[in-house]
Amino acid sequence: MSTVSAEIECRLAALQPVHLEVRNDSDRHRGHAGHDGTGESHFTVSIVSEAFAGKSRVQRQRAVYAALGDLMDRIHALAITAAAPGEPLPER
């Protein structure tokens with residue numbers, strides 16, 4: 001696992017997820033804008049947490065960004081799918 005992936009998982013633990021998947025998509029973006037050559041620029045996060053219950057999609061994304069904090073300075077692109085327990089996780 002890349003260091004950025006591991007840090008994403010560590011920081012999102014603050015949301016107490018019951019499901020968390022972090023996928024590094026950087027290789028799929030080789031040669032595109034934002035691909036910095038480190039192999040740690042593009043990620044997809046799928047997360048299920050009680051913290052998202054009753055929250056809108058935008059509020060859920062803001063919670064993820066807040067948990068990641070300054071780590072976002074090292075990430076060019078982040079795709080987020082977020083759900084509360086019992087909700088279907090949107091396909092990404």
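In this predicted model, Glu-7 and Arg-11 join their side chains in a salt bridge, with 2.7 Å from N to O. Both residues belong to helix α1, and because they are four residues apart there, about one helical turn separates them. Side chains of opposite charge can pair when their charged atoms come close. Across the structure there are four salt bridges.

Arg-11 also takes part in a meeting of two helices. Together with Ile-8 and Leu-12, Arg-11 represents α1 in this contact, while α2 contributes Val-64, Ala-67 and Leu-68. Sorted by class, the residues where α1 touches α2 are five nonpolar, no polar and one charged.

How do the two helices sit relative to each other, and at what angle do they cross? Their axes come within 8 Å and cross at roughly 110°. An angle from 65 to 115 degrees counts as roughly perpendicular, and α1 and α2 are therefore roughly perpendicular to each other. The handedness of this crossing is right-handed.

Now to the strands. The sheet is open and has three strands in the order β1-β2-β3, with mixed pairing. Its edge strands are β1 (17-24) and β3 (77-83), each of which pairs on one side only. On average, and with direction ignored, neighbouring strands in this sheet are turned by 10° against each other.

Which sense does the pairing of β2 and β3 take? Strand β2, residues 42-49, pairs with β3 in the parallel sense, over seven bridges. If you would like a spot to look for in the viewer, find Ile-47, which stands opposite Ala-82 in β3.

Both helices lie across strands of the sheet, as the table sets out.

| Helix | Residues | Lies across | Angle |
|---|---|---|---|
| α1 | residues 3-12 | β1 and β2 | about 160° to β1 |
| α2 | residues 57-68 | β2 and β3 | about 125° to β3 |

Strand β2 thus appears in both rows: α1 lies across β1 and β2, and α2 lies across β2 and β3. An angle over 145 degrees counts as roughly antiparallel, so α1, at about 160°, runs roughly antiparallel to β1.

Key: Residues numbered from 1 in each chain as written. Predicted model: local features only at pLDDT ≥ 70, side-chain atom pairs only at ≥ 80, totals over all residues. Heavy atoms only, no water. Pairing = 2+ DSSP bridges. Axes fitted to C-alpha atoms, helices over the stretch in contact; angles between N-to-C directions. Contact = heavy atoms within 4.5 Å. Parallel < 35°, antiparallel > 145°, perpendicular 65-115°, else oblique. Left-handed = near helix turned anticlockwise from the far one by under 90°. Nonpolar A, V, L, I, M, F, W, Y, C, P; charged D, E, K, R; others polar.
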